Amino acid sequence: MSLLADLTSICKKLKLPVATVLYTESPAPDTYAVLTPLDEVFRLYRDNKPGIDVEEVRLSLFCTTNYRALAKRITDACIDAGLTVTARRYVDHEDDTGYHHWAIDLAAFETTNH
């Protein structure tokens, strides 16, 4: 399971520049995404063994224009890919850069064979 790889693929299909943890291209485009791993945990233990592997990633969308339509397209593409959207929120407008910051938290679940 690789939620980061899945999200990178979705962003590329949407022609959205993407980086993991930090976007370093200069100059930065008007719109881009940054993927940040949040959590990788085992859940639902049985017989003292993990039953589900959970991976969580935050997709941070940075946009200097209206972000709403693109945030919906990203959300729809993630749901269509079988990913679970656990939260969506407007984080802030960065006055020094002019970017709106919108966060989409996603999770992927995989049954383990332990």
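Which residues are linked in a network of salt bridges? In this predicted model, the answer is R58, R89 and D105. Before getting to that trio, it helps to look at the overall layout.

The protein has 114 residues, and its secondary structure consists of 2 helices and 5 strands. Going along the sequence, these elements come in the order α-β-β-β-α-β-β. Some 38% of the residues count as buried. The chain also folds back on itself over long stretches of sequence: if contacts between residues at least 6 apart are considered, 56% of them join residues at least 24 apart. As for the outside, the accessible surface comes to about 6,900 Å², and carbon and sulfur atoms account for 48% of that.

Helix 1 covers residues 3–13, and its buried members include L3, L7, I10 and C11. These residues sit on the same side of helix 1, because they cover an arc of only 100 degrees around the axis. The general rule behind such a pattern is simple: an α-helix has 3.6 residues a turn, so residues three or four places apart point the same way. Turn to the other side of helix 1, and K12 and K13 are exposed. Just past the end of this helix, K15 adopts a positive phi of about 55 degrees.

One of those buried helix residues, L7, turns up again in the largest nonpolar core. This core holds 22 residues, and L7, L59, L61, I74 and L83 are the ones with the most contacts inside it. Helix 1, strand 2 (31–46), strand 3, helix 2 and strand 5 each give two or more residues to this core. I74 shows how the core brings together separate pieces of the sequence: with its neighbours within four places left aside, I74 is in contact with L14, L16, L59, L61 and I104. There is also a second, separate core of 6 residues, with A19, Y32, V34 and F62 among them.

Now for the charged side chains. In general, side chains of opposite charge can pair when their charged atoms come close. In this model the count comes to 3 salt bridges. One of them joins D105 to R58, with the closest N and O atoms 2.6 Å apart. This pair links distant parts of the chain, since D105 belongs to strand 5 (residues 99–111) and R58 to strand 3 (residues 49–63), 47 residues apart.

D105 has another partner as well: its side chain meets that of R89 in a salt bridge, at 3.3 Å from N to O. Here too distant parts of the chain are linked, with R89 in strand 4 (residues 84–94), 16 residues apart from D105 in strand 5.

Are the members of this network buried or exposed? D105 counts as buried because its relative accessible area is 7%, and the cut-off for buried is under 20%. R58 is partly exposed, at 27% relative accessibility, and R89 is partly exposed too, at 35%. So the picture is of a buried D105 bridged to R58 and to R89.

The remaining salt bridge pairs K72 with D76, and the closest N and O atoms are 2.8 Å apart. This one stays within a single element: K72 and D76 both lie in helix 2 (residues 68–80), 4 residues apart, which is about one turn of the helix. D76 is partly exposed, with a relative accessible area of 33%.

Definitions and conventions. Residues are numbered from 1 along each chain as its sequence is written. This is a predicted model: local features need pLDDT of at least 70, side-chain atom pairs count only at pLDDT 80 or more; totals for chains, interfaces and linings use all residues. Side-chain values use heavy atoms; hydrogens and water are left out. Buried means under 20% relative accessible area, exposed over 50%, partly exposed in between (1.4 Å probe, protein chains only). Contact means heavy atoms within 4.5 Å. Accessible areas come from the Shrake-Rupley method with a 1.4 Å probe; for residues, only the protein chains shown count as cover. A salt bridge is a side-chain nitrogen of Lys or Arg within 4 Å of a carboxyl oxygen of Asp or Glu. The arc is that of the directions from the helix axis to the C-beta atoms. A nonpolar core is a set of buried Ala, Val, Leu, Ile, Met, Phe, Trp, Tyr and Cys residues joined through side-chain atoms within 4.5 Å.
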